[in-house]
Amino acid sequence: MLWAQFDALELGSGWSEEDITKPQILIEDVYGDSHPGSVHLNQLTDQVKWGVLERGGYGAKYHITDICDGCAQGHDGMNAVLASREAICDMVEVHASAVPWDGIVMSSSCDKSIPAHLKAAARMDIPTIFLPGGSMRPGPDMTTSLVAGDISLRQKRKDAITQEEIRAYKITGCPSVGACTFLGTASTMQCMAEALGMALPGSALVPATMRDIMEYARLAGRKIMELAAKEITPSQIMTLEAFKNAIVIHSAIGGSTNATIHLPSIAREAGLKLPMEWFDEINHKIPHLCNINPSGKHLTESFWFAGGVPMVQWMLKEYLNLDVVTVTGRTLGENLEMIERDGFFERNLGYLHNYGLEREDVIFPPEKVKENGSVAILKGNIAPEGSVIKYSACAKEMRSHRGTARVYDSEEEAHDDVVAGKMNPGDIIVIRYEGPRGSGMPEMLMTTEAIVCDKNLNGTVSLVTDGRFSGATRGAAIGHVSPEAARGGPLAYVRTGDIIQYDVEKRQLNVVGINGTDMSPEEIEAVFEERKKEGYKKTSGRKGMYRRYTEHALSAMEGAGY
(Lines give C-alpha, C1' and ligand atoms only; values in the text may rest on other atoms or scores of the structure.)
Protein backbone atom coordinates (compact mmCIF):
# COMPACT_ATOMS: atom_id res chain seq x y z
CA MET A 1 0.00 0.00 0.00
CA LEU A 2 2.99 2.29 0.53
CA TRP A 3 4.82 1.91 -2.76
CA ALA A 4 3.95 -0.55 -5.55
CA GLN A 5 7.44 -0.37 -7.03
CA PHE A 6 8.75 -2.40 -4.09
CA ASP A 7 6.75 -5.43 -5.23
CA ALA A 8 7.70 -4.79 -8.83
CA LEU A 9 11.38 -4.74 -7.92
CA GLU A 10 11.11 -8.05 -6.10
CA LEU A 11 9.21 -9.60 -9.02
CA GLY A 12 11.94 -8.30 -11.31
CA SER A 13 14.50 -10.12 -9.11
CA GLY A 14 12.87 -13.51 -9.64
CA TRP A 15 10.22 -13.54 -6.92
CA SER A 16 6.73 -14.78 -7.86
CA GLU A 17 3.52 -12.96 -7.03
CA GLU A 18 2.93 -15.55 -4.30
CA ASP A 19 6.42 -15.08 -2.87
CA ILE A 20 5.90 -11.38 -2.18
CA THR A 21 3.00 -12.23 0.15
CA LYS A 22 5.11 -14.60 2.29
CA PRO A 23 7.24 -13.78 5.35
CA GLN A 24 10.52 -12.44 3.99
CA ILE A 25 13.85 -13.62 5.40
CA LEU A 26 17.21 -11.91 4.90
CA ILE A 27 19.90 -14.55 4.36
CA GLU A 28 23.18 -12.77 5.03
CA ASP A 29 26.61 -14.35 4.57
CA VAL A 30 30.23 -13.40 3.91
CA TYR A 31 30.57 -15.66 0.89
CA GLY A 32 33.45 -14.85 -1.45
CA ASP A 33 36.72 -16.14 -2.79
CA SER A 34 38.62 -14.46 0.05
CA HIS A 35 39.60 -17.54 2.09
CA PRO A 36 38.52 -21.11 3.00
CA GLY A 37 36.20 -19.94 5.76
CA SER A 38 33.95 -18.11 3.31
CA VAL A 39 34.25 -19.74 -0.10
CA HIS A 40 31.68 -22.44 0.71
CA LEU A 41 29.04 -20.36 2.47
CA ASN A 42 26.88 -19.92 -0.64
CA GLN A 43 26.23 -23.68 -0.48
CA LEU A 44 25.08 -23.38 3.12
CA THR A 45 22.81 -20.42 2.46
CA ASP A 46 21.27 -22.25 -0.50
CA GLN A 47 20.12 -24.83 2.05
CA VAL A 48 18.88 -22.08 4.37
CA LYS A 49 16.75 -20.76 1.53
CA TRP A 50 15.25 -24.21 0.96
CA GLY A 51 14.43 -24.49 4.67
CA VAL A 52 12.68 -21.11 4.61
CA LEU A 53 10.66 -22.17 1.56
CA GLU A 54 9.65 -25.43 3.25
CA ARG A 55 8.07 -23.45 6.08
CA GLY A 56 6.19 -21.02 3.87
CA GLY A 57 8.61 -18.10 3.68
CA TYR A 58 10.87 -16.65 1.05
CA GLY A 59 14.56 -15.90 1.52
CA ALA A 60 16.77 -13.33 -0.18
CA LYS A 61 20.56 -13.82 -0.19
CA TYR A 62 22.86 -10.89 0.50
CA HIS A 63 26.68 -11.01 0.72
CA ILE A 64 29.44 -8.95 2.35
CA THR A 65 32.73 -10.77 1.81
CA ASP A 66 35.04 -10.81 4.82
CA ILE A 67 38.83 -10.90 4.97
CA CYS A 68 41.32 -13.28 6.58
CA ASP A 69 43.93 -12.50 9.22
CA GLY A 70 46.20 -15.11 7.64
CA CYS A 71 46.18 -13.28 4.31
CA ALA A 72 46.95 -10.00 6.14
CA GLN A 73 50.04 -11.23 8.01
CA GLY A 74 53.26 -9.31 7.58
CA HIS A 75 51.95 -6.19 5.85
CA ASP A 76 49.73 -3.17 6.54
CA GLY A 77 46.61 -5.10 5.59
CA MET A 78 46.55 -6.44 9.16
CA ASN A 79 45.75 -2.94 10.41
CA ALA A 80 42.36 -3.04 8.67
CA VAL A 81 41.29 -6.43 10.01
CA LEU A 82 39.64 -5.43 13.29
CA ALA A 83 38.12 -2.36 11.63
CA SER A 84 36.49 -4.74 9.14
CA ARG A 85 34.31 -6.03 11.98
CA GLU A 86 32.68 -2.62 12.22
CA ALA A 87 32.38 -2.28 8.43
CA ILE A 88 30.66 -5.66 8.06
CA CYS A 89 28.33 -4.88 10.95
CA ASP A 90 27.42 -1.55 9.39
CA MET A 91 26.68 -3.12 6.00
CA VAL A 92 24.45 -5.77 7.56
CA GLU A 93 22.62 -2.91 9.26
CA VAL A 94 22.16 -1.29 5.84
CA HIS A 95 20.80 -4.51 4.36
CA ALA A 96 18.56 -5.19 7.32
CA SER A 97 17.22 -1.63 7.49
CA ALA A 98 16.32 -1.02 3.85
CA VAL A 99 13.65 -3.75 3.74
CA PRO A 100 11.13 -4.69 6.49
CA TRP A 101 12.42 -8.24 6.99
CA ASP A 102 10.58 -10.74 9.15
CA GLY A 103 13.76 -12.56 10.14
CA ILE A 104 17.48 -12.99 9.42
CA VAL A 105 19.85 -15.93 9.07
CA MET A 106 23.54 -14.96 9.13
CA SER A 107 26.39 -17.29 8.20
CA SER A 108 30.13 -16.89 8.66
CA SER A 109 33.09 -18.90 9.91
CA CYS A 110 35.84 -16.60 11.04
CA ASP A 111 37.45 -14.07 13.33
CA LYS A 112 35.78 -10.73 12.55
CA SER A 113 32.70 -11.73 10.54
CA ILE A 114 31.15 -13.78 13.36
CA PRO A 115 31.27 -10.95 15.93
CA ALA A 116 30.21 -8.53 13.18
CA HIS A 117 27.13 -10.65 12.54
CA LEU A 118 26.34 -10.96 16.24
CA LYS A 119 26.80 -7.20 16.72
CA ALA A 120 24.43 -6.56 13.82
CA ALA A 121 21.91 -9.02 15.24
CA ALA A 122 21.94 -7.18 18.57
CA ARG A 123 21.73 -3.78 16.86
CA MET A 124 18.78 -4.66 14.61
CA ASP A 125 16.90 -6.89 17.11
CA ILE A 126 15.01 -8.75 14.37
CA PRO A 127 14.46 -12.53 14.86
CA THR A 128 17.87 -13.96 13.93
CA ILE A 129 19.73 -17.28 13.77
CA PHE A 130 23.50 -17.51 13.32
CA LEU A 131 24.82 -20.40 11.20
CA PRO A 132 28.52 -21.31 11.75
CA GLY A 133 30.62 -22.23 8.72
CA GLY A 134 32.32 -25.19 10.40
CA SER A 135 35.84 -26.59 10.70
CA MET A 136 38.55 -27.24 8.11
CA ARG A 137 39.93 -30.77 7.78
CA PRO A 138 43.23 -31.56 9.58
CA GLY A 139 46.53 -31.26 7.79
CA PRO A 140 49.10 -34.09 7.52
CA ASP A 141 49.90 -35.78 10.84
CA MET A 142 47.01 -33.88 12.48
CA THR A 143 48.66 -30.50 11.91
CA THR A 144 47.02 -27.11 11.38
CA SER A 145 47.70 -24.21 9.05
CA LEU A 146 49.83 -22.74 11.86
CA VAL A 147 52.76 -24.83 10.69
CA ALA A 148 53.24 -21.54 8.82
CA GLY A 149 54.98 -20.07 11.89
CA ASP A 150 57.92 -22.46 11.65
CA ILE A 151 57.96 -22.33 7.84
CA SER A 152 57.96 -18.53 7.81
CA LEU A 153 60.78 -18.18 10.35
CA ARG A 154 63.04 -20.63 8.54
CA GLN A 155 62.30 -19.02 5.18
CA LYS A 156 63.82 -15.80 6.53
CA ARG A 157 66.99 -17.46 7.78
CA LYS A 158 69.73 -18.55 5.42
CA ASP A 159 69.77 -22.24 4.46
CA ALA A 160 67.19 -23.14 7.14
CA ILE A 161 64.58 -24.69 4.80
CA THR A 162 64.24 -26.24 1.37
CA GLN A 163 61.88 -25.21 -1.41
CA GLU A 164 60.37 -28.71 -1.24
CA GLU A 165 59.38 -28.20 2.41
CA ILE A 166 57.80 -24.85 1.62
CA ARG A 167 55.83 -26.24 -1.31
CA ALA A 168 54.67 -29.28 0.69
CA TYR A 169 53.27 -26.98 3.39
CA LYS A 170 51.53 -24.70 0.91
CA ILE A 171 49.78 -27.64 -0.76
CA THR A 172 48.67 -29.32 2.50
CA GLY A 173 48.36 -26.47 5.03
CA CYS A 174 44.69 -25.74 4.31
CA PRO A 175 43.23 -29.01 2.96
CA SER A 176 39.57 -27.95 2.79
CA VAL A 177 37.05 -25.20 3.35
CA GLY A 178 36.05 -24.13 6.86
CA ALA A 179 37.72 -22.29 9.73
CA CYS A 180 41.32 -23.24 10.55
CA THR A 181 41.22 -26.35 12.68
CA PHE A 182 42.82 -24.98 15.85
CA LEU A 183 40.93 -23.13 18.57
CA GLY A 184 41.77 -19.69 17.24
CA THR A 185 39.41 -16.75 17.21
CA ALA A 186 37.37 -18.17 14.33
CA SER A 187 36.64 -21.43 16.13
CA THR A 188 36.23 -19.66 19.47
CA MET A 189 33.62 -17.28 18.09
CA GLN A 190 31.66 -20.13 16.50
CA CYS A 191 31.52 -21.62 20.00
CA MET A 192 30.58 -18.25 21.51
CA ALA A 193 27.66 -17.86 19.09
CA GLU A 194 26.33 -21.23 20.21
CA ALA A 195 27.05 -20.54 23.88
CA LEU A 196 25.10 -17.25 23.64
CA GLY A 197 22.11 -19.19 22.31
CA MET A 198 22.28 -17.57 18.86
CA ALA A 199 23.29 -20.74 16.96
CA LEU A 200 21.52 -24.09 16.87
CA PRO A 201 22.71 -26.64 19.45
CA GLY A 202 25.74 -28.55 18.20
CA SER A 203 26.26 -26.39 15.11
CA ALA A 204 29.59 -24.82 16.07
CA LEU A 205 32.68 -26.40 14.48
CA VAL A 206 30.93 -29.08 12.43
CA PRO A 207 33.47 -30.43 9.92
CA ALA A 208 32.77 -28.26 6.89
CA THR A 209 32.94 -31.15 4.42
CA MET A 210 30.42 -33.39 6.19
CA ARG A 211 26.71 -33.72 5.43
CA ASP A 212 25.85 -32.56 8.94
CA ILE A 213 26.64 -28.92 8.17
CA MET A 214 24.12 -28.93 5.32
CA GLU A 215 21.54 -30.38 7.70
CA TYR A 216 22.14 -27.55 10.16
CA ALA A 217 21.80 -25.03 7.34
CA ARG A 218 18.43 -26.45 6.24
CA LEU A 219 17.27 -26.54 9.86
CA ALA A 220 18.27 -22.90 10.35
CA GLY A 221 15.97 -21.97 7.47
CA ARG A 222 13.08 -23.84 9.03
CA LYS A 223 13.74 -22.52 12.54
CA ILE A 224 13.92 -18.86 11.56
CA MET A 225 10.31 -19.11 10.45
CA GLU A 226 9.38 -20.27 13.96
CA LEU A 227 11.33 -17.44 15.58
CA ALA A 228 9.67 -14.90 13.29
CA ALA A 229 6.22 -16.26 14.10
CA LYS A 230 6.95 -16.16 17.85
CA GLU A 231 8.72 -12.78 17.57
CA ILE A 232 11.73 -14.04 19.53
CA THR A 233 14.49 -11.49 18.97
CA PRO A 234 18.19 -11.31 19.94
CA SER A 235 17.44 -9.02 22.89
CA GLN A 236 15.48 -11.89 24.45
CA ILE A 237 18.39 -14.29 23.84
CA MET A 238 21.60 -12.27 24.33
CA THR A 239 20.96 -11.26 27.94
CA LEU A 240 23.59 -10.71 30.63
CA GLU A 241 22.91 -14.26 31.82
CA ALA A 242 23.65 -15.56 28.31
CA PHE A 243 26.92 -13.62 28.21
CA LYS A 244 27.93 -15.11 31.55
CA ASN A 245 27.19 -18.55 30.12
CA ALA A 246 29.38 -17.75 27.13
CA ILE A 247 32.29 -16.71 29.36
CA VAL A 248 31.94 -19.99 31.26
CA ILE A 249 32.26 -21.93 28.00
CA HIS A 250 35.14 -19.70 26.87
CA SER A 251 36.97 -20.52 30.11
CA ALA A 252 36.35 -24.23 29.78
CA ILE A 253 37.44 -24.61 26.15
CA GLY A 254 40.53 -22.36 26.37
CA GLY A 255 39.19 -19.83 23.89
CA SER A 256 40.96 -16.99 22.10
CA THR A 257 41.82 -13.77 23.94
CA ASN A 258 40.00 -11.94 21.13
CA ALA A 259 36.72 -13.01 22.71
CA THR A 260 37.51 -10.50 25.47
CA ILE A 261 37.21 -7.84 22.76
CA HIS A 262 34.29 -9.28 20.81
CA LEU A 263 31.90 -10.28 23.59
CA PRO A 264 31.89 -6.83 25.27
CA SER A 265 31.40 -5.20 21.86
CA ILE A 266 28.44 -7.45 21.06
CA ALA A 267 26.97 -6.75 24.50
CA ARG A 268 27.34 -3.02 23.95
CA GLU A 269 25.20 -3.27 20.79
CA ALA A 270 22.57 -4.95 22.95
CA GLY A 271 22.67 -2.05 25.41
CA LEU A 272 24.54 -4.13 28.00
CA LYS A 273 27.83 -3.57 29.81
CA LEU A 274 30.02 -6.63 30.11
CA PRO A 275 32.59 -6.00 32.86
CA MET A 276 36.06 -7.29 31.99
CA GLU A 277 36.34 -8.48 35.60
CA TRP A 278 33.80 -11.20 34.80
CA PHE A 279 36.35 -12.98 32.62
CA ASP A 280 38.76 -13.07 35.54
CA GLU A 281 36.18 -14.07 38.14
CA ILE A 282 34.74 -16.86 36.01
CA ASN A 283 38.15 -18.17 34.92
CA HIS A 284 39.09 -18.54 38.59
CA LYS A 285 36.43 -21.20 39.12
CA ILE A 286 35.68 -22.95 35.81
CA PRO A 287 37.65 -26.13 35.04
CA HIS A 288 39.62 -26.01 31.79
CA LEU A 289 38.08 -29.09 30.18
CA CYS A 290 39.29 -29.06 26.61
CA ASN A 291 42.49 -30.47 25.19
CA ILE A 292 42.42 -28.43 21.97
CA ASN A 293 45.29 -26.84 20.08
CA PRO A 294 46.93 -24.38 20.84
CA SER A 295 46.30 -24.81 24.59
CA GLY A 296 46.16 -28.54 24.10
CA LYS A 297 46.79 -31.29 21.59
CA HIS A 298 43.73 -32.08 19.50
CA LEU A 299 41.91 -30.31 16.68
CA THR A 300 38.50 -28.72 16.42
CA GLU A 301 36.80 -31.45 14.39
CA SER A 302 37.78 -33.90 17.13
CA PHE A 303 36.18 -31.53 19.63
CA TRP A 304 32.93 -31.68 17.66
CA PHE A 305 33.13 -35.48 17.41
CA ALA A 306 33.57 -35.58 21.20
CA GLY A 307 30.32 -33.65 21.73
CA GLY A 308 31.37 -30.05 21.09
CA VAL A 309 29.81 -27.14 22.92
CA PRO A 310 26.75 -29.14 24.10
CA MET A 311 28.98 -31.69 25.86
CA VAL A 312 30.89 -28.92 27.65
CA GLN A 313 27.55 -27.36 28.65
CA TRP A 314 26.29 -30.74 29.84
CA MET A 315 29.38 -31.25 32.01
CA LEU A 316 29.16 -27.72 33.43
CA LYS A 317 25.40 -27.47 34.01
CA GLU A 318 25.92 -26.45 37.62
CA TYR A 319 27.78 -23.31 36.47
CA LEU A 320 25.28 -22.27 33.78
CA ASN A 321 21.93 -20.52 33.76
CA LEU A 322 19.83 -23.19 32.06
CA ASP A 323 16.73 -20.98 31.83
CA VAL A 324 18.10 -18.64 29.14
CA VAL A 325 16.15 -18.61 25.86
CA THR A 326 17.87 -19.77 22.65
CA VAL A 327 17.18 -19.67 18.90
CA THR A 328 15.34 -22.97 19.17
CA GLY A 329 12.62 -21.12 21.06
CA ARG A 330 13.43 -23.34 24.02
CA THR A 331 15.71 -22.87 27.02
CA LEU A 332 19.29 -24.07 27.19
CA GLY A 333 18.28 -26.75 29.67
CA GLU A 334 15.55 -28.04 27.35
CA ASN A 335 17.99 -28.06 24.43
CA LEU A 336 20.51 -30.16 26.34
CA GLU A 337 17.87 -32.68 27.35
CA MET A 338 16.65 -32.97 23.75
CA ILE A 339 20.13 -33.32 22.26
CA GLU A 340 20.99 -36.00 24.82
CA ARG A 341 17.80 -37.95 24.03
CA ASP A 342 18.54 -37.65 20.31
CA GLY A 343 21.84 -39.52 20.77
CA PHE A 344 24.06 -36.62 19.69
CA PHE A 345 26.62 -37.24 22.41
CA GLU A 346 27.20 -40.84 21.37
CA ARG A 347 26.51 -40.72 17.63
CA ASN A 348 29.81 -39.14 16.58
CA LEU A 349 32.19 -40.98 18.90
CA GLY A 350 32.95 -43.46 16.13
CA TYR A 351 34.58 -40.66 14.17
CA LEU A 352 36.88 -40.08 17.14
CA HIS A 353 37.70 -43.78 17.14
CA ASN A 354 38.97 -43.37 13.57
CA TYR A 355 41.79 -41.34 15.12
CA GLY A 356 42.27 -43.73 18.03
CA LEU A 357 40.72 -41.25 20.47
CA GLU A 358 38.10 -41.37 23.18
CA ARG A 359 36.00 -38.45 24.39
CA GLU A 360 38.04 -37.93 27.53
CA ASP A 361 41.17 -37.48 25.41
CA VAL A 362 39.60 -34.32 23.98
CA ILE A 363 37.14 -33.16 26.66
CA PHE A 364 38.35 -34.04 30.14
CA PRO A 365 35.77 -35.03 32.76
CA PRO A 366 35.57 -32.17 35.31
CA GLU A 367 36.75 -34.39 38.15
CA LYS A 368 40.03 -35.06 36.30
CA VAL A 369 40.85 -31.43 35.55
CA LYS A 370 43.85 -29.95 37.35
CA GLU A 371 43.56 -26.33 36.23
CA ASN A 372 40.81 -23.73 36.20
CA GLY A 373 40.15 -21.33 33.34
CA SER A 374 42.34 -20.16 30.51
CA VAL A 375 42.43 -16.33 30.50
CA ALA A 376 43.48 -13.78 33.11
CA ILE A 377 43.15 -10.01 33.35
CA LEU A 378 46.37 -8.40 34.59
CA LYS A 379 46.56 -4.85 35.94
CA GLY A 380 49.35 -2.60 37.13
CA ASN A 381 51.23 0.60 36.48
CA ILE A 382 51.47 -0.01 32.73
CA ALA A 383 47.97 -1.48 32.43
CA PRO A 384 45.74 0.41 34.88
CA GLU A 385 42.59 -0.50 32.91
CA GLY A 386 43.77 -4.05 32.31
CA SER A 387 45.51 -6.43 29.93
CA VAL A 388 44.86 -10.02 28.83
CA ILE A 389 46.92 -13.21 28.85
CA LYS A 390 45.87 -16.69 27.74
CA TYR A 391 47.76 -18.59 30.39
CA SER A 392 46.45 -21.97 29.22
CA ALA A 393 48.74 -21.59 26.17
CA CYS A 394 51.70 -20.43 28.28
CA ALA A 395 54.17 -22.72 30.02
CA LYS A 396 53.72 -22.67 33.80
CA GLU A 397 57.29 -21.49 34.37
CA MET A 398 56.55 -18.38 32.27
CA ARG A 399 53.37 -17.38 34.09
CA SER A 400 55.52 -15.29 36.40
CA HIS A 401 58.50 -13.50 34.93
CA ARG A 402 60.81 -10.56 35.39
CA GLY A 403 62.89 -9.24 32.54
CA THR A 404 64.46 -6.33 30.72
CA ALA A 405 62.18 -4.37 28.39
CA ARG A 406 62.99 -4.20 24.68
CA VAL A 407 60.67 -1.46 23.39
CA TYR A 408 59.40 -1.10 19.82
CA ASP A 409 56.89 1.29 18.26
CA SER A 410 55.74 -1.25 15.67
CA GLU A 411 55.46 -5.03 15.34
CA GLU A 412 57.55 -5.04 12.16
CA GLU A 413 60.61 -3.69 13.99
CA ALA A 414 60.27 -6.23 16.77
CA HIS A 415 59.72 -9.12 14.37
CA ASP A 416 62.78 -8.21 12.32
CA ASP A 417 64.96 -8.21 15.45
CA VAL A 418 63.62 -11.62 16.50
CA VAL A 419 64.40 -13.07 13.08
CA ALA A 420 67.86 -11.43 13.11
CA GLY A 421 68.66 -13.05 16.47
CA LYS A 422 68.96 -9.76 18.34
CA MET A 423 66.78 -10.78 21.31
CA ASN A 424 68.24 -12.18 24.51
CA PRO A 425 66.71 -15.00 26.55
CA GLY A 426 64.68 -13.47 29.38
CA ASP A 427 63.84 -10.25 27.52
CA ILE A 428 60.34 -8.82 27.64
CA ILE A 429 59.46 -7.39 24.22
CA VAL A 430 57.18 -4.35 24.36
CA ILE A 431 55.28 -3.47 21.17
CA ARG A 432 53.22 -0.30 21.44
CA TYR A 433 51.16 2.06 19.26
CA GLU A 434 49.42 -1.05 17.94
CA GLY A 435 46.15 -0.57 19.87
CA PRO A 436 42.76 0.31 18.33
CA ARG A 437 43.65 3.99 17.89
CA GLY A 438 47.34 3.39 17.33
CA SER A 439 47.18 1.30 14.17
CA GLY A 440 43.82 -0.51 14.27
CA MET A 441 44.88 -3.20 16.76
CA PRO A 442 46.57 -5.78 14.50
CA GLU A 443 47.38 -9.24 15.81
CA MET A 444 50.98 -10.20 16.61
CA LEU A 445 50.95 -13.81 15.40
CA MET A 446 53.96 -13.47 13.12
CA THR A 447 56.08 -12.26 16.02
CA THR A 448 54.78 -14.69 18.65
CA GLU A 449 55.33 -17.61 16.26
CA ALA A 450 58.85 -16.39 15.49
CA ILE A 451 59.55 -16.42 19.25
CA VAL A 452 58.14 -19.88 20.00
CA CYS A 453 59.75 -21.41 16.90
CA ASP A 454 63.20 -20.12 17.95
CA LYS A 455 64.74 -22.66 20.32
CA ASN A 456 66.90 -19.97 21.92
CA LEU A 457 63.92 -17.77 22.81
CA ASN A 458 61.01 -20.16 23.32
CA GLY A 459 60.06 -20.43 26.96
CA THR A 460 62.15 -17.45 28.06
CA VAL A 461 60.96 -14.39 26.13
CA SER A 462 57.64 -12.63 26.83
CA LEU A 463 55.72 -10.10 24.76
CA VAL A 464 53.66 -7.19 26.11
CA THR A 465 51.58 -5.07 23.71
CA ASP A 466 48.57 -2.81 23.36
CA GLY A 467 47.84 -4.77 20.20
CA ARG A 468 46.11 -8.11 20.14
CA PHE A 469 46.99 -11.72 19.37
CA SER A 470 45.71 -14.50 17.18
CA GLY A 471 43.66 -17.14 18.93
CA ALA A 472 46.49 -19.46 17.88
CA THR A 473 49.09 -17.53 19.85
CA ARG A 474 51.29 -19.60 22.13
CA GLY A 475 53.67 -18.55 24.86
CA ALA A 476 53.90 -15.68 27.33
CA ALA A 477 51.94 -13.09 25.39
CA ILE A 478 50.18 -10.24 27.21
CA GLY A 479 47.98 -8.05 25.02
CA HIS A 480 45.23 -5.43 25.03
CA VAL A 481 47.27 -3.25 27.43
CA SER A 482 44.93 -0.38 28.28
CA PRO A 483 44.86 2.53 28.04
CA GLU A 484 46.88 2.15 24.87
CA ALA A 485 50.00 4.16 24.05
CA ALA A 486 48.22 6.16 21.33
CA ARG A 487 45.90 7.56 24.01
CA GLY A 488 48.76 8.49 26.30
CA GLY A 489 48.63 5.28 28.31
CA PRO A 490 51.62 4.38 30.51
CA LEU A 491 52.97 1.97 27.90
CA ALA A 492 54.05 5.07 25.94
CA TYR A 493 56.48 5.94 28.73
CA VAL A 494 58.27 2.60 29.08
CA ARG A 495 61.85 2.61 27.79
CA THR A 496 64.28 -0.08 26.69
CA GLY A 497 66.25 -1.14 29.76
CA ASP A 498 63.36 -0.75 32.22
CA ILE A 499 62.50 -3.81 34.27
CA ILE A 500 59.03 -5.36 33.83
CA GLN A 501 57.51 -7.97 36.08
CA TYR A 502 54.23 -9.84 35.66
CA ASP A 503 52.51 -12.54 37.68
CA VAL A 504 49.45 -14.38 36.38
CA GLU A 505 48.51 -15.77 39.79
CA LYS A 506 48.62 -12.29 41.35
CA ARG A 507 47.06 -10.72 38.22
CA GLN A 508 49.80 -8.08 38.08
CA LEU A 509 51.78 -6.35 35.31
CA ASN A 510 54.19 -3.61 36.36
CA VAL A 511 57.36 -1.74 35.62
CA VAL A 512 59.46 -2.41 38.74
CA GLY A 513 62.73 -0.80 37.70
CA ILE A 514 64.09 2.04 35.58
CA ASN A 515 67.18 1.66 33.40
CA GLY A 516 68.03 -1.63 35.07
CA THR A 517 67.66 -0.36 38.65
CA ASP A 518 64.84 -1.45 40.97
CA MET A 519 62.69 1.41 42.24
CA SER A 520 59.66 1.90 44.44
CA PRO A 521 56.22 2.36 42.84
CA GLU A 522 56.32 6.03 43.85
CA GLU A 523 59.70 6.55 42.20
CA ILE A 524 58.54 4.85 39.02
CA GLU A 525 55.41 6.99 38.93
CA ALA A 526 57.60 10.09 39.21
CA VAL A 527 59.77 8.90 36.31
CA PHE A 528 56.67 8.30 34.18
CA GLU A 529 55.42 11.80 34.98
CA GLU A 530 58.75 13.23 33.84
CA ARG A 531 58.68 11.15 30.66
CA LYS A 532 55.17 12.38 29.88
CA LYS A 533 56.67 15.79 29.15
CA GLU A 534 58.20 14.25 26.03
CA GLY A 535 54.67 13.44 24.80
CA TYR A 536 53.56 10.39 22.89
CA LYS A 537 53.43 9.45 19.22
CA LYS A 538 50.60 10.99 17.14
CA THR A 539 49.34 9.62 13.84
CA SER A 540 48.30 11.51 10.72
CA GLY A 541 47.61 11.08 7.02
CA ARG A 542 45.01 8.33 7.36
CA LYS A 543 41.80 8.29 5.35
CA GLY A 544 38.50 6.56 4.82
CA MET A 545 37.21 3.74 7.00
CA TYR A 546 40.64 3.20 8.56
CA ARG A 547 40.80 6.81 9.71
CA ARG A 548 37.26 6.70 11.13
CA TYR A 549 38.08 3.57 13.08
CA THR A 550 41.41 4.69 14.53
CA GLU A 551 40.04 8.10 15.49
CA HIS A 552 36.98 6.79 17.32
CA ALA A 553 37.71 3.23 18.53
CA LEU A 554 37.04 2.52 22.19
CA SER A 555 39.51 0.88 24.55
CA ALA A 556 40.17 -2.82 24.11
CA MET A 557 38.67 -3.25 27.59
CA GLU A 558 35.40 -1.91 26.18
CA GLY A 559 35.43 -4.03 23.03
CA ALA A 560 37.41 -1.74 20.67
CA GLY A 561 34.29 -0.76 18.72
CA TYR A 562 33.15 2.73 17.84
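Colleague: Let's start with Arg402: is Arg402 buried, exposed or partly exposed?

Modeller: Partly exposed, as Arg402 has a relative accessibility of 40%. Keep in mind that this is a predicted model.

Colleague: Which residue does Arg402 form a salt bridge with?

Modeller: That would be Asp518, and the closest N and O atoms of the two are 2.5 Å apart. Arg402 belongs to strand β7 (residues 400–408) and Asp518 to strand β13 (residues 517–518), so their salt bridge ties together parts that are 116 residues apart in sequence.

Colleague: And what about Asp518, buried or exposed?

Modeller: In between. Asp518 is partly exposed, with a relative accessible area of 46%.

Colleague: How many salt bridges does the structure hold?

Modeller: There are 36 salt bridges. Another one joins the side chains of Glu534 and Arg495, at 3.0 Å from N to O.

Colleague: Where do Glu534 and Arg495 lie?

Modeller: In loops. Glu534 is in the loop between α21 (521–532) and α22, while Arg495 is in the loop between β10 and β11, so this pair ties together parts that are 39 residues apart in sequence. Glu534 is exposed, with a relative accessible area of 61%.

Colleague: What about Glu529, which residue does that one form a salt bridge with?

Modeller: Lys532, with the closest N and O atoms 3.1 Å apart. Both Glu529 and Lys532 are in helix α21, three residues apart, and that is about one turn of the helix. Glu529 is partly exposed at 41% relative accessibility, and Lys532 is partly exposed too, at 38%.

Colleague: Which residues are linked in a network of salt bridges?

Modeller: Arg85, Glu86, Asp90, Glu93, Lys119, Arg123 and Glu269 are linked that way. Two of these names turn up again in helix α3, where Arg85 and Glu86 are among the buried residues.

Colleague: OK, tell me about α3. How many residues does α3 have, and how far does α3 reach?

Modeller: Helix α3 covers residues 81–98, so by the DSSP run it has 18 residues. From its first C-alpha to its last it reaches 26 Å, close to the 26 Å expected at 1.5 Å a residue.

Colleague: What do the buried residues of α3 pack against?

Modeller: Three strands and three helices: β1 (24–29), β2 (58–63), β3 (103–108), α4 (113–124), α11 (259–269) and α22 (544–552). The buried residues of α3 include Val81, Leu82, Ile88, Cys89, Val92 and His95.

Colleague: Switching topic. How many aromatic pairs does the count come to?

Modeller: Eight aromatic pairs. One of them is Trp15 with Tyr58, a tilted pair at 4.3 Å centre to centre with 45 degrees between the planes. Trp15 lies in the loop between α1 (4–12) and β1, and Tyr58 lies in strand β2, so the pair ties together parts that are 43 residues apart in sequence. Both Trp15 and Tyr58 are buried.

Colleague: Why is the pair of Phe344 and Phe345 edge-to-face?

Modeller: Their planes are at 65 degrees, and the ring centres are 6.0 Å apart, so the pair is edge-to-face. The cut-off for that label is over 60 degrees. Phe344 and Phe345 are both buried, and ring pairs link them into a cluster with Trp304, Phe305, Trp314 and Tyr351.

Colleague: Which rings have the charged end of a Lys over them?

Modeller: Here are two cases. The charged end of Lys244 sits over the ring of Trp278, 4.6 Å from its centre. The charged end of Lys538 sits over the ring of Tyr536, 3.9 Å from its centre.

Colleague: What about Glu484, buried or exposed?

Modeller: Buried, yet Glu484 has no salt bridge. The nearest side chain of opposite charge is Arg487, 5.2 Å away, and the cut-off for a salt bridge is 4 Å. Glu484 is in the loop between β10 (477–482) and β11 (499–503). Leaving out residues up to four places away in sequence, Glu484 touches Gly435, Pro436, Arg437, Gly438, Asp466 and Gly489.

Colleague: Last one, His415. Where is His415 found, and what does His415 touch?

Modeller: His415 is in helix α19 (residues 411–419). His415 is buried, with a relative accessible area of 8%. Not counting residues up to four places away in sequence, His415 touches Lys156, Met446, Thr447 and Ala450.

Note on methods
Residues numbered from 1 in each chain as written. Predicted model: local features only at pLDDT ≥ 70, side-chain atom pairs only at ≥ 80, totals over all residues. Heavy atoms only, no water. Helix = DSSP H or I, 4+ residues; strand = E, 2+ residues; numbered from the N terminus. Expected span 1.5 Å × (residues − 1). Buried < 20%, exposed > 50% of the residue type's maximum accessible area, 1.4 Å probe, protein only. Contact = heavy atoms within 4.5 Å. Phe/Tyr/Trp six-rings, centres within 6.5 Å; stacked < 30°, edge-to-face > 60°. Lys NZ or Arg CZ within 6 Å of the ring centre and 35° of its normal. Lys, Arg positive; Asp, Glu negative; His and termini not counted.
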